[in-house]
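Student: I'm new to this structure and I don't want the whole tour yet. Could you pick one part and take me through it closely, in plain words?

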Amino acid sequence: MKASPGTGGIAQHPVTVEGAGAAGDGEGVPAGHEGCGQRCWREVGQERGPRDGIRFRILYVCTGNVCRSPLAERLTRAALGPCPAVQVISAGTHAESGREMTEHARRVLIRLGGDPTGFGSRPLVPELVAAADLVLTATCGHRAESVAMHFAAATRAFTIAEFGTLVRAVSPEEIIRHRDPARRARVLADEVRALRGLVRVDQPDIADPYRRSRLVYQMVGRSIARSLAVPLGLLTR
């Protein structure tokens with residue numbers, strides 16, 4: 001299920017938990033969950049989150065927030081669909097506000113099945129790191145900068161490639177037995193956290209393609225897509 005261009009996984013309306021029907025009936029879908037399917041909204045009332053309805057936040061981080069992190073953000077949104085329970089955003093450690101993705105990044109994203117419509121860069125600030133349930137960065141340096149803004153995030157911050165490698169060692173049954181996407185994401189993050197230091201990660205960083213050739217952008221896009229393939233597969237199966 002594809003995300004709507006400008007909203008992706010970001011909540012646009014509060015979730016009306018009281019309106020959720022009991023399992024088995026076909027009525028009472030909470031606001032904003034109309035397109036999610038029963039796997040998500042049937043369990044909204046079982047795991048109450050903030051009033052905005054977001055129950056799991058994923059934050060991608062790179063340098064300028066115009067190449068790597070928006071590629072990861074929009075690929076994740078495209079895979080997860082419009083469910084407002086999971087928010088997916090990105091930011092840059094040295095980003096300016098409101099910049100579009102680079103043209104090469106936009107083209108690579110579209111070829112990979114994502115939608116760049118409405119994207120605007122944002123600088124990384126401590127509040128974003130503190131609010132995130134999972135911080136995925138382009139490089140180890142970005143991870144260090146993110147954690148320096150909020151030390152408690154150290155246990156939930158990984159590079160994108162590192163996370164993708166560790167997820168391959170997670171038992172799929174531990175994740176897919178949960179129907180709710182937000183619950184799946186939380187369990188997946190916990191399982192990966194337990195594997196840190198136990199699984200070798202040969203290439204934790206994704207190179208910066210900024211101001212480089214179209215071929216480099218294509219290689220970076222494929223690298224990000226490969227790293228996210230298994231995690232997103234587990235969240236959407």
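Tutor: One bit of vocabulary before we start: the helices and strands I'll name are DSSP runs, with at least four residues of H or I for a helix and at least two of E for a strand, and they're numbered from the N terminus. Keep in mind too that you're looking at a predicted model.

Let's go for the sheet, and then for the cavity that some of its strands help to line. To get your bearings, the chain has 9 helices and 4 strands. If you follow the sequence along, these elements come in the pattern α-β-α-β-α-α-β-α-β-α-α-α-α. There are 237 residues in the chain, and 47% of them are buried.

Now for the sheet itself. It's an open sheet of 4 strands, and across it you meet them in the order β2-β1-β3-β4, with parallel pairing. The edges belong to β2 (86-92) and β4 (157-159), each of which pairs on one side only. From one strand to the next, the twist averages 20 degrees.

Start at the β2 edge. β1 and β2 run parallel and are paired over 7 bridges. One spot to find there is C62, which sits opposite G92 in β2. You might wonder how covered an edge strand can be, and for β2 the tally is 7 buried residues out of 7. Look at which way they point: V86, V88, S90 and G92 go one way, Q87, I89 and A91 go the other, and the residues of both sets are buried.

Zoom in on V86, which belongs to strand β2. V86 counts as buried because its relative accessible area is 5%, and the cut-off for buried is under 20%. V86 also shows how a fold brings separate stretches of chain together: F56 is 30 residues away from V86 in sequence, yet their C-alpha atoms are 4.9 Å apart in space.

Step across to the other side of β1. There, 4 bridges join β1 to β3, and these two strands are parallel as well. V61 faces T137 of β3 across this pairing. T137 has a partner in β4 too, standing opposite T159. That takes us to the other edge, where β3 and β4 pair in parallel over 3 bridges. Another pair to pick out here is L136 and F158, with F158 in β4. As for β3, both of its faces are covered: L134 and L136 are buried on one side, and V135 and T137 are buried on the other.

L134 leads us to the cavity. The structure holds 1 cavity of 30 Å³ or more, and the largest cavity has a volume of about 80 Å³. It's lined by 13 residues, and those closest to its centre are I58, L134, F163, P231 and L235. Where does the lining come from? At least two residues each are supplied by β1 (56-62), β3 (134-137), α8 (181-195) and α9 (214-236). The largest share belongs to α9, with 4 residues. Sort the lining by class and you get 12 nonpolar residues, 1 polar residue and no charged ones.

Before you leave, look at the loop between β1 and α2, which is where N65 sits. N65 isn't a glycine, but its phi is positive, near 55 degrees. Is N65 buried or exposed? With a relative accessible area of 0%, N65 is buried. For a contrast, turn to R211, in the loop between α8 and α9. R211 isn't a glycine either, and it has a positive phi of about 65 degrees. R211 counts as exposed because its relative accessibility is 74%, and exposed means over 50%.

Last stop: helix α2, which spans residues 68-80 and includes R74. R74 is buried, since its relative accessible area is 4%. Its side chain makes a polar contact with the side chain of E73, at 3.0 Å.

Definitions and conventions: Residues numbered from 1 in each chain as written. Predicted model: local features only at pLDDT ≥ 70, side-chain atom pairs only at ≥ 80, totals over all residues. Heavy atoms only, no water. Buried < 20%, exposed > 50% of the residue type's maximum accessible area, 1.4 Å probe, protein only. Polar contact = N/O pair within 3.5 Å; in protein donor to acceptor, adjacent residues only side chain to side chain. 1 Å grid on protein atoms, 1.4 Å probe; cavity = no way out; pocket = protein on both sides within 12 Å on 5 of 7 lines; lining within 4 Å. Points joined across faces, edges and corners; volume = space filled by probe spheres on them. Nonpolar A, V, L, I, M, F, W, Y, C, P; charged D, E, K, R; others polar. Pairing = 2+ DSSP bridges. Axes fitted to C-alpha atoms, helices over the stretch in contact; angles between N-to-C directions.
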